[in-house]
Amino acid sequence: TLRSWDKRSSVSSVATSLAIEWAYHFISSTYYEVKHDDSHDQTRVYTSLAKNTDSKRLLKLLNEVVGGLQHSYGKWQVPWGDINRYQRVNKGQSFDDKKPSIPVGMASAFFGSLPAFEAVWQKTSKGYGTAGNSFVAAVEFGNRVKAKSIITGGQYFDPASKHFTDQAAMFIEGKFKDVLFYKEDVMKHAERTYKPGE
């Protein structure tokens with residue numbers, strides 16, 4: 001599975017699950033035990049860790065990851081999107097495996113992924129995003145400004161609003177929406193308007 005992997009993370013990729021689970025396990029179990037490059041460059045640090053770790057230990061850690069996936073999910077062939085999820089919660093709320101969530105094919109910037117999606121496990125069997133790119137935009141300057149943007153969840157903080165997570169799927173799929181830059185465009189698409197003081 002790993003040998004035939006194209007090194008791209010995706011929702012359906014089993015290799016991504018194996019590689020990322022192994023990388024976290026490898027780093028946490030070797031960082032303080034194995035001599036490595038003392039640098040602020042993550043790539044240099046992890047490359048030197050890998051070079052200075054015995055190959056038998058590297059394989060042992062992979063076997064432990066396979067066993068861990070088997071134990072947690074009933075099989076080791078787990079697609080990355082089954083593990084890596086998006087679920088928007090408000091402050092004070094916890095992630096919940098029983099509530100709706102969206103599979104995410106992106107990975108942590110830790111592994112060079114852009115856009116980045118950083119997940120945490122908080123008493124859950126799935127990892128839920130808590131950090132990474134929160135906003136992406138592209139702007140074209142000319143006689144009229146053209147712009148497209150996307151945010152990770154939605155513009156509204158009220159879970160009852162249709163705009164609470166209406167941009168989540170688009171962000172995950174790498175799709176953008178038009179930025180309404182000019183007043184006539186804003187007015188044409190306004191859902192509601194008000195006058196100051198009302």
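Let me start with helix α1. Helix α1 covers residues 14–30, which is 17 residues, and reaches 24 Å from its first C-alpha to its last, close to the 24 Å expected at 1.5 Å a residue. That expected span is 1.5 Å times one less than the number of residues in the helix. Helices here are DSSP runs of H or I with at least four residues, strands are runs of E with at least two, and both are numbered from the N terminus.

Before going on, this is a predicted model, in which local features need pLDDT of at least 70 and side-chain atom pairs count only at pLDDT 80 or more, while totals for chains, interfaces and linings use all residues. Residues are numbered from 1 along each chain as its sequence is written, and side-chain values use heavy atoms, with hydrogens and water left out.

On confidence, pLDDT is the predictor's confidence in each residue, from 0 to 100. The protein chain averages 89, and 100% of the residues score at least 70. Confidence is lowest in α2, with a mean of 82, and highest in α4, at 95.

Back to α1. Twelve of its 17 residues are buried, so α1 is largely enclosed by the rest of the structure. Buried means under 20% relative accessible area, exposed means over 50%, and partly exposed is in between, using a 1.4 Å probe and protein chains only. Among the buried residues of α1 are L18, I20, F26 and I27. What do the buried residues of α1 pack against? They pack against α2 (42–51), α3 (55–73) and α4 (80–83). The N-terminal end of α1 is capped by S13, with a side-chain oxygen 3.4 Å from the backbone nitrogen of A15. For reference, a polar contact is a pair of N or O atoms within 3.5 Å; within protein, one must be able to donate a hydrogen and the other to accept it, and residues adjacent in sequence count only if both atoms are side-chain atoms.

One residue from α2 is S48. S48 is buried, at a relative accessible area of 12%. Contact means heavy atoms within 4.5 Å, and leaving aside neighbours within four places in sequence, S48 is in contact with K35, H36 and D37.

In helix α3, K60 and E64 form a salt bridge, with the closest N and O atoms 2.5 Å apart. A salt bridge is a side-chain nitrogen of Lys or Arg within 4 Å of a carboxyl oxygen of Asp or Glu. K60 and E64 are four residues apart in α3, and therefore separated by about one helical turn. E64 is partly exposed, at 36% relative accessibility.

Now the strands. Strands of a sheet pair through backbone hydrogen bonds, either parallel or antiparallel. Two strands are taken as paired if DSSP finds at least two bridges between them. β3 and β4 pair in the antiparallel sense over four bridges, and F117 has G132 in β4 as its bridge partner. Which side chains of β3 are buried? Along β3 (residues 117–120), F117 and A119 point to one face and are buried, while E118 and V120 point to the other and are not. The β3 and β4 hairpin has six residues between the strands, and K123 takes a positive phi near 55°.

G127 lies in β4, residues 127–132. G127 is buried, with a relative accessible area of 0%. Not counting residues up to four places away in sequence, G127 touches I83, N84, R85, A119, V120 and W121.

There is also an open sheet of three strands, in the order β5-β6-β7, with antiparallel pairing. Its edge strands are β5 (135–140) and β7 (177–178), each pairing on one side only. β6 (residues 146–151) is joined to β7 by two bridges, and K148 has D178 in β7 as its bridge partner. The side chains of D178 and K148 also meet in a salt bridge, at 2.5 Å from N to O. That pair links distant parts of the chain, 30 residues apart. D178 is exposed, at 51% relative accessibility, and K148 is partly exposed, at 39%.

Last, the remaining charged pairs. E191 and K162 meet through their side chains in a salt bridge, at 3.7 Å from N to O. E191 lies in the segment after α6 (183–189) and K162 in the loop between β6 and α5 (168–173), so the pair ties together parts that are 29 residues apart in sequence. Both E191 and K162 are exposed. R144, E184 and D185 are linked in a network of salt bridges. The salt bridge count comes to six.
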